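Biologist: I should be grateful for a close look at a single part of this model. Please describe one strand and its surroundings in a connected account.

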Protein chains: 2
Amino acid sequence: MSLLIVGTVAFDAIETPFGKTDKIIGGAATYIGLSASYFTRKMDLVSVVGGDFPQDTVKMLQSKGINTDGLQILKDQKTFFWSGKYHNDMNTRDTLVTELNVLADFNPILPAFYQEDEFVMLGNLTPLVQEKVLAQMKTQPKLVVLDTMNFWMDVALDDLKRILKKVDVLTVNDSEARQLSGEYSLPRAAQKILAMGPKYLIIKKGEHGALLFNKHQVFFAPALPLEDVFDPTGAGDTFAGGFIGYLAKTKDISFDNMKRAIIYGSAMASFCVEKFGTERLLSLSQKEVETRVQQFIDLVQFDIELV
Amino acid sequence: MSLLIVGTVAFDAIETPFGKTDKIIGGAATYIGLSASYFTRKMDLVSVVGGDFPQDTVKMLQSKGINTDGLQILKDQKTFFWSGKYHNDMNTRDTLVTELNVLADFNPILPAFYQEDEFVMLGNLTPLVQEKVLAQMKTQPKLVVLDTMNFWMDVALDDLKRILKKVDVLTVNDSEARQLSGEYSLPRAAQKILAMGPKYLIIKKGEHGALLFNKHQVFFAPALPLEDVFDPTGAGDTFAGGFIGYLAKTKDISFDNMKRAIIYGSAMASFCVEKFGTERLLSLSQKEVETRVQQFIDLVQFDIELV
């Protein structure tokens, strides 16, 4: 029983006020898998790359406990490429280039032994592709987490709403929650979205933290106030990877354990933004992760005894 | 020994997407005093109003434990008046009218028995007026909290920097912290501002919560996710009133107790925005306050045991 991860494996070129990169390794599934690897070494990847994708990187992913039998390599095609430039506030960005390449006709195929995985992370992709993955599961997973974005709300809302009925947790950012629900107030938005299917909703607010809702409870986790954010690329996926990685490790999907998972996800995301791309995620120690989680505890911990 | 509160007592006219008010009672010192009254009934007010200010309101303030011997009533003049209109996001507003009236030449005079107060809350006012108040203290207060705003950074920065050397806690919002320090990163901004004098800095982020810094520690308190925010007017002052009111009640100015004070301040602010003006602050029960604080505990509480 492993953690099934579906999402892009890609090339990114990133420009921030602190510098710029040539083509580096990126993609939602890459960040999710690297982040989750600090919690579990039993992961199954479903994705697609071109013949230009470095074999060394595939080996690196395997060395992190990521099975790549479900990674299609289309030798005559090129890997998905995204290029973006962040503004000075680091919260907004312009997309400079999007070359779908292999992603244009991606048809996910799950090896047989993937089909009974208990935890499924559907990284941001066309809702139809996410749905095709779920349709291949032989047994009902213990937990399905779906990430999506405003683009799919614009162009594939019906598909998105259909798959929302089949997932347990949805992760979106605050403006996406508002768009999907038509409500400005996040608690109202959450209740409308939960009525669409998911039992849990995570609203990511970037530097302002994250909220976890179910129908009766709400939990808030802050982001760590960082002196410098070098590159926000992949922070949301890294958060998701830490979240589901922790749940897959502990196999406890109670609300209380999801709170812990959100803290671990937030800690992983706080590392991600400290360097360009995946660099910071490649060589963390367990000790560094635990020290960072302790910083979150110190940041929000207080003791009030009510009479 | 009482809590000394300096600030405006005013008329406001407020328009939000939910409605509008005629002239209602407002002013920083009003919100601070009403909020602090849930923690202490020993308050000394320094402010100024005109002959048009209702005597009933003065009596109401007195009934909350606010001594008004330091409230100047200039019979032939008019009370300070502010009118503003909030935008749809409730985070930004346009000032429609500012009539300084009595505030134009305000010369604060402290009755003798105010001059040994242990806790001093300097609400947002001209830095020179705030300084005149401090100059009249006979004994060094246990804690001086100063609130200010971007306007004084624009027109009276030298005065502001001078008084910053004489206060213990500064409260500003995030954009003001950035303006005052010239740093975008809030942790960097905090260290620069702490180097200007205050031992503690509170950065208010509205719906995104508040940060407390000293030179070595940081604490984050969320804002409660509210279904509806009817009127943000006075929320920052209500926060400050709850903060210093709790400290004045407990007489403990350790960092750990300031954390608690920030939670109580945040709870009071969450009530303030639920109705127009001061309405919600006038008739809360202690039980309602404690229930609200419990909501904050539930919102952020998690238990992770690190090995």
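In particular, are the residues on the two faces of strand E13 (residues 210–213) of chain B buried or exposed?

Modeller: This is a predicted model, in which local features need pLDDT of at least 70 and side-chain atom pairs count only at pLDDT 80 or more, whereas totals for chains, interfaces and linings use all residues. Residues are numbered from 1 along each chain as its sequence is written, and chains are lettered from A and ligands numbered from 1 in the order in which they are written.

Strand E13 of chain B is covered on both faces. Ala210(B) and Leu212(B) lie on one side, Leu211(B) and Phe213(B) on the other, and all are buried. Here, a residue is buried if 20 or more other C-beta atoms, placed from the backbone, lie within 10 Å of its own, exposed if 12 or fewer do, and partly exposed in between. Strands (E, at least two residues) and helices (H or I, at least four) are DSSP runs, numbered from the N terminus. In a regular strand, side chains alternate between the two faces of the sheet.

E13(B) pairs in the antiparallel sense with strand E12 (residues 200–204) of chain B over four bridges; two strands count as paired if DSSP finds at least two bridges between them. Within this pair, Ile203(B) stands opposite Leu211(B). The hairpin of E12(B) and E13(B) has five residues between the strands, and Gly206(B) there takes a positive phi near 60°.

Strand E14 (residues 218–221) of chain B also runs antiparallel to E13(B), joined to it by four bridges. Leu211(B) stands opposite Phe220(B) in E14(B). These two strands form a hairpin with four residues between them.

For the wider setting, chain A may be consulted. There, an open sheet of nine strands with mixed pairing has the order E6-E5-E1-E9-E10-E11-E12-E13-E14. Strand E6 (66–74) and strand E14 (218–221) of chain A stand at the edges with a single partner strand each, so one side of each has no neighbour in the sheet.

The two chains can also be compared. A turn of 180° and a shift of 0.0 Å along the axis lay chain A on chain B with an RMSD of 0.0 Å, which is the relation of a two-fold axis. The copies are superposed by least squares on the C-alpha atoms of residues with pLDDT of at least 70 in both. Among the residues of chain A, His208(A) comes closest to the rotation axis, at 3.0 Å (C-alpha).
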